[in-house]
Amino acid sequence: MAQAARALWPCGRALAWGLAHRPPPRLPVQGRAGFAGTAGGPAATARKGSSRLLGAAALALGGALGLYHTARWHLRAQDLRAERSAVQLSLTGHLQLTLYQYKTCPFCSKVRAFLDFHALPYRVVEVNPVRKAEIKFSSYRKVPILLAQEGDSLQQLNDSSVIISALKTHLVSGQPLEDIITYYPPMKAMNDQGKEVTEFCNKYWLMLDEKEAQRMYSGKEARTEEMKWRQWADDWLVHLISPNVYRTPAEALASFDYIVREGKFGVVEGAVAKYMGAAAMYLISKRLKSRHHLQDDVRVDLYEAANKWVAAVGKDRPFMGGQKPNLADLAVYGVLRVMEGLEAFDDLMRHTHIQPWYLRVEKAIAEALH
């Protein structure tokens, strides 16, 4: 219905323009005996017929002009879409991307959701979580790592949020990645446990000028909202995954069975990881529960987080991004997706209001890939 209204709007505008500029009809001259239309014989009849003919001609002309402007508007819209597609192709066609990941890592899943939604081709290298030989080239030892070959320039992007922000900035602005990554400098910091970690400045910001930002966002509030919930996904939502998927010994074993099947393990490594890893993560999940001040039943925190997200999206838009997912939608979806096939995911879908939104994002990503 909305598309039909938009298609008809320029036609109605052009038709109104035509009618507004048609010659004004002659007003009948009032004589002594009354209105000219009621007296005057054949001459009056001829004038009346002539006025009707002129009116019909003007109406036809207005309609023709309306059709012309409608066709012109549609052709211009098609040209603009073609231009945008050409720009997108030119920006992505020269990029060769390689993603180093663990498939079951929520941060890696966030990056894949972004790449898939933007139809960016990429090669996946599954990293062995024990030896990490696949990323021995890097002094940064966490996944995801993205290598981006842009012409003769090879750039390494670290941290899931930096990867997403840098690539989105590149897609919108066309700036070289070599320049963009300098906007996200690494910084050494101490975490809550007193351990030195690497943080990245500005990682939720897209480095756009004013015109690019206006094209990207409906207003400053939309930009701030997207950043807020992207950070929420990293700082809170992701920490609810492990305590929930390793909540009981049975769930921990099922989770590690899934990790071993989807990950890159040798036969012996896989067997050891499945049972030893499940036991270890069951115990670690209890420490994580205490560290993040979760409730006795950690499902409650997961459900509350999901419903809080749904409330933030609201009932008047399908996604936080409006009619299509924005970076916050993709981040939250990517984090939750790693639980698919596990008991925690089924409970989440059953006991919260998040499923309709989740399925909409899933559909949007699938459509982008085809």
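Buried means under 20% relative accessible area, exposed means over 50%, and partly exposed lies in between, with a 1.4 Å probe and protein chains only. This is a predicted model, in which local features need pLDDT of at least 70, side-chain atom pairs count only at pLDDT 80 or more, and totals for chains, interfaces and linings use all residues. Residues are numbered from 1 along each chain as its sequence is written, and side-chain values use heavy atoms, with hydrogens and water left out.

Q: Why is Asp-257 called partly exposed?
A: Asp-257 has a relative accessible area of 25%. Partly exposed covers values between the 20% and 50% limits, so Asp-257 counts as partly exposed.

Q: What makes the contact of Asp-257 and Lys-274 a salt bridge?
A: A salt bridge requires a side-chain nitrogen of Lys or Arg within 4 Å of a carboxyl oxygen of Asp or Glu. The N to O value for Asp-257 and Lys-274 is 3.2 Å, so the pair meets the rule. Asp-257 lies in helix 9 and Lys-274 in helix 10, so the salt bridge ties together parts that are 17 residues apart in sequence. Helices are DSSP runs (H or I, at least four residues), numbered from the N terminus.

Q: Why is Lys-274 called partly exposed?
A: Its relative accessibility is 21%, and Lys-274 therefore counts as partly exposed.

Q: How do you know that the buried residues of helix 9 line one face?
A: In helix 9, the buried residues are Glu-251, Ala-252, Ser-255, Phe-256, Tyr-258 and Ile-259. Seen down the axis of helix 9, they fall within an arc of 155°, so they line one face of the helix. The arc is taken from the directions from the helix axis to the C-beta atoms. On the other side of helix 9, Pro-249, Ala-250 and Arg-261 are exposed.

Q: What makes Arg-299 and Glu-251 a salt bridge?
A: The closest N and O atoms of Arg-299 and Glu-251 are 2.6 Å apart, so the pair satisfies the 4 Å limit. Both Arg-299 and Glu-251 are buried.

Q: What makes Arg-247 and Asp-297 a tie between separate parts of the sequence?
A: Arg-247 forms a salt bridge with Asp-297, with the closest N and O atoms 3.6 Å apart. Arg-247 lies in the loop between helix 8 and helix 9 and Asp-297 in the loop between helix 10 and helix 11, so the pair ties together parts that are 50 residues apart in sequence.

Methods
Helices (H or I, at least four residues) and strands (E, at least two) are DSSP runs, numbered from the N terminus.
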